[in-house]
Amino acid sequence: MDKKFLIIISLLFFGVIGTMLFKLPEIDSSSDARISNVPQQIGEYSGTDIELKDEIYAMLETENIVMRAYEKKAQPLILFYLIFSKATHKTSDPPENCLQGDGYSVLNKAKVSIPINMDGKEFDLIANKLIVGKTGDNKLYLYWFLAGNEFQDSYFKQRLKLISAFLKRKPLSGGQIRISIDIENNDQNQALVRLESFIQQIIPHLKPLLQ
């Protein structure tokens, strides 16, 4: 962890030096039609957008943010959160940072492999599994990152790839996808099955975000 941190700090340092020597490309935070094309109907799930405050867009420095609650009869809500920039060196922090600020404790963190079939091609999506809780309220999160033409499970690898491309004056798109659900009756396995099923259905609609 310390080694990765030092690498990022070094890249940031050289980035500052670079801005003194030559003009780096600008971050493109403008609206992207691909975001609005993520459907509100995913299989049996119907989505309702959650309005975000202007401060959220300003803080994340992008107009391309979706927060949507997907409902399926007799099942708990699934909250879908997408942050995306067309050309950037920045990324949003992993969700545990925000959740701990809201009073949640991290109960478990691990990696999960989700089998995906997209356009007839099969691959395993590696995502971060996060279980958080506070009195009477436990949640399961699955999240991963976007960096150019690939999904990344590592915040540090995504950050390194985006900064490296930006310093080479060839900025990549970047973002984060996090999907969460309440854990009912302390049944973590059932919550995981529901999220994995939802992800398998929504992934084809996220493919256009990859350059």
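This text leads through a predicted model, from its largest pocket to its nonpolar cores. Residues are numbered from 1 along each chain as its sequence is written, and side-chain values use heavy atoms, without hydrogens or water. Local features need pLDDT of at least 70 and side-chain atom pairs count only at pLDDT 80 or more, while totals for chains, interfaces and linings use all residues.

The largest pocket (an open set of points on a 1 Å grid over the protein atoms alone where a 1.4 Å probe fits, with protein on both sides within 12 Å along at least five of seven lines) holds about 870 Å³ of space, a volume being the space filled by probe spheres set on the points. Among its 34 lining residues, which have an atom within 4 Å of a point, the closest to its centre are Met67, Tyr81, Ile83, Cys98 and Arg178. Strand 4 gives the largest share of this lining, seven residues, where strands are DSSP runs of E of at least two residues and helices are runs of H or I of at least four.

In soluble globular proteins, nonpolar side chains tend to be buried together. The largest nonpolar core (buried Ala, Val, Leu, Ile, Met, Phe, Trp, Tyr and Cys residues joined through side-chain atoms within 4.5 Å, buried meaning under 20% relative accessible area with a 1.4 Å probe, protein chains only) has 35 residues, of which Phe80, Leu82 and Trp144 touch the most other members. Helix 6 supplies the largest share of this core, eight residues. A second, separate core of eight residues includes Leu99, Leu130, Val132 and Phe145.

Conventions:
Buried means under 20% relative accessible area, exposed over 50%, partly exposed in between (1.4 Å probe, protein chains only).
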